[in-house]
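Visitor: I would like to go through the empty space and the nonpolar packing of this model. Please show the structure before we start.

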Amino acid sequence: MIKFFRKIRQKTLTENKFGKYLTYAIGEIILVVIGILIALSINNWNENRKNSIEERATLENLLENLNLSKIQSEQLISEENQLKQNLIQILGVNSNNTKVNTEIISDSIFKNAVWDLQSDMPTFNSYNNLKSTNKLSLIKNKNINEKFTELEFRQNKLNDILEDRLSVHQIRIDDILENDINFIPLVKSNIPIINIENESKNNYLQVLEIKRIRNLLGMKLSFTQDVIDFRKNLDTEIKGLIILIEKELNEKK
């Protein structure tokens, strides 16, 4: 096409027909512009296609990580509930008003209630990597981005309450195991081969009648309920994000 216009241009110049030459010159310019626009359009299409593929891969990685986080979250909530039940049992404050019986409070149960503390949190490695590399913009869905912001907020709130509980535990509650009981029998649940026949047995009824100890364990119970509530809030955000991302991936098929 360009050769065709070039021949006409040479002919019109030879015949000194400037008006016709100008017309064909403009035609050449228009063709060049159209060619540039087509090239840009193809380039933009390729770039959008590349971004779409990268976005899908990103969403799939996030979904895989969130499904793992959901399993972790549910396990951590289960462990917190077990700790809560152990504390209720040794304090004798269960809802059916059953009087605490020291015969059913083994060393291992007392140890689990007083010593155990879960400070782990679900992991969000894929999201953190995207954030640290400034690639969150790959996710075009506004609702997903907003949901991740809410998840991060819930995660920070949970971290705060976990740190508060750990601080109180280290400063106050660990003191019970150090000064108010014989800790050696409690070790046997972890190291069964040790011999504790010569160790003095703990009178948990007497220990649990001490107001300071009851108050400290009551504080741990209260903190644990708060942690359960915050863990459930985070769990809700995780499951909500899974639903949103699954929907987005289905729409992109």
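Visitor: How many cavities of 30 Å³ or more does the structure hold?
Guide: The model is predicted. With 30 Å³ as the lower limit, the number of cavities in the structure is 1.

Visitor: Which element gives the largest share of the lining of the largest cavity?
Guide: The space in this cavity is about 30 Å³. Its lining consists of Ser 73, Leu 76, Ile 77, Pro 122, Leu 158, Arg 231 and Leu 234. Two elements give two or more residues to that lining, helix 2 (18-91) and helix 8 (211-251). The largest share, 3 residues, is from helix 2.

Visitor: How many residues of that lining are nonpolar?
Guide: Arg counts as charged, and the lining has 1 charged residue. It also has 1 polar residue. The number of nonpolar residues is 5.

Visitor: Which helix supplies the largest share of the largest nonpolar core?
Guide: This core has 23 residues, and Leu 62, Leu 66, Phe 148 and Ile 245 touch the most other members. At least two residues come from each of helix 2, helix 4 (125-132), helix 5 (142-179) and helix 8. The largest share, 8 residues, belongs to helix 8.

Visitor: Which residues is Phe 148 in contact with, leaving aside its neighbours within four places in sequence?
Guide: Phe 148 is among the core members that touch the most others. Beyond those sequence neighbours, its contacts are Leu 62, Leu 66, Tyr 127, Leu 241 and Ile 245.

Visitor: How many residues are in the other core, apart from this one?
Guide: Among its members are Leu 83, Ile 176, Tyr 204 and Leu 208. The number of residues in this other core is 22.

Definitions and conventions. Residues numbered from 1 in each chain as written. Predicted model: local features only at pLDDT ≥ 70, side-chain atom pairs only at ≥ 80, totals over all residues. Heavy atoms only, no water. 1 Å grid on protein atoms, 1.4 Å probe; cavity = no way out; pocket = protein on both sides within 12 Å on 5 of 7 lines; lining within 4 Å. Points joined across faces, edges and corners; volume = space filled by probe spheres on them. Helix = DSSP H or I, 4+ residues; strand = E, 2+ residues; numbered from the N terminus. Core = buried A, V, L, I, M, F, W, Y, C linked by side-chain atoms within 4.5 Å. Buried < 20%, exposed > 50% of the residue type's maximum accessible area, 1.4 Å probe, protein only. Contact = heavy atoms within 4.5 Å.
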